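Visitor: I would like to learn how to read a protein model, feature by feature.
Guide: Then let us start with the model itself.

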Amino acid sequence: MTPAIAFMIALVVIVAIACWTDLRERRIPNWLVIVNLAVGLLAVGIAAGWGGAGMAALHVVIALAIGMALNAVGAIGAGDAKFYASMAGWLPLGGALALLVSVSVAGLVLLLAFLVWRRFNPRQPSKADSDFAKLPYGVAIGIGGLLAIAWS
């Protein structure tokens with residue numbers, strides 16, 4: 001098995017776990033974000049050398065800064081910001097637009113599916129499960145990120 005295939009298998013497993021936990025608990029564990037970041041930077045380092053890994057690390061820093069700013073104004077959750085930044089670790093800075101577009105498109109598809117689901121399951125959530133009234137955007141980040149990385 002080539003390293004590229006092994007890294008893609010690892011990414012699929014990480015994304016599957018992130019999607020599962022976001023759907024079930026509306027959270028993405030920090031340990032999973034750290035593993036994703038480390039594996040992504042290692043994959044880029046092996047494929048593109050230290051320069052590529054450095055550019056991927058810069059991508060992470062920029063994505064995290066923007067994500068945390070969006071979190072500060074209540075636009076996205078902190079877990080989503082951290083997970084997006086960890087996905088950025090799989091792509092050098094030149095892949096930022098591809099990641100942003102694929103996550104945005106996946107988010108649009110997720111939003112439409114979520115609205116259809118809510119339309120046909122009109123149960124009003126109680127205060128206890130108000131987190132589940134929120135869109136699990138980690139799913140879009142995972143799927144969109146996986147697609148952007150696979151196409152790069």
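Guide: We go from the fold to the core. Keep in mind that this is a predicted model.

Visitor: Which secondary structure elements does the protein chain have?
Guide: Count helices and strands separately. Here there are five helices and zero strands, and the order from the N terminus is α-α-α-α-α.

Visitor: How is the radius of gyration of the protein chain to be read?
Guide: Set it beside the value that the globule rule gives for the chain length. The chain has 16 Å, close to the 15 Å given for 152 residues, so it is as compact as a globular protein of that length. The C-alpha trace spans about 50 × 35 × 25 Å along its principal axes.

Visitor: What share of the contacts comes from residues 24 or more positions apart?
Guide: Take the contacts with a separation of 6 or more as the base. Such residues account for 72% of them.

Visitor: How much of the protein chain is buried, and what supplies the exposed area?
Guide: Buried residues are 38% of the 152. The chain exposes about 8600 Å², and 75% of that comes from carbon and sulfur atoms.

Visitor: Which residues have the most contacts inside the largest nonpolar core?
Guide: That core has 30 residues, and the ones with the most contacts inside it are Leu11, Phe83, Met87, Trp90 and Leu99. Each of the helices 1 (3-25), 2 (30-72), 3 (78-88), 4 (96-120) and 5 (137-151) supplies at least two core residues.

Visitor: What is Leu99 in contact with, leaving aside its neighbours within four places in sequence?
Guide: The partners of Leu99 are His59, Tyr84, Met87, Ala88, Leu91, Gly145 and Ala148.

Notes
Residues are numbered from 1 along each chain as its sequence is written. This is a predicted model: local features need pLDDT of at least 70, side-chain atom pairs count only at pLDDT 80 or more; totals for chains, interfaces and linings use all residues. Side-chain values use heavy atoms; hydrogens and water are left out. Helices (H or I, at least four residues) and strands (E, at least two) are DSSP runs, numbered from the N terminus. The radius of gyration is taken over C-alpha atoms; the globule rule is 2.2 Å times the number of residues to the power 0.38. Buried means under 20% relative accessible area, exposed over 50%, partly exposed in between (1.4 Å probe, protein chains only). Contact means heavy atoms within 4.5 Å. Accessible areas come from the Shrake-Rupley method with a 1.4 Å probe; for residues, only the protein chains shown count as cover. A nonpolar core is a set of buried Ala, Val, Leu, Ile, Met, Phe, Trp, Tyr and Cys residues joined through side-chain atoms within 4.5 Å.
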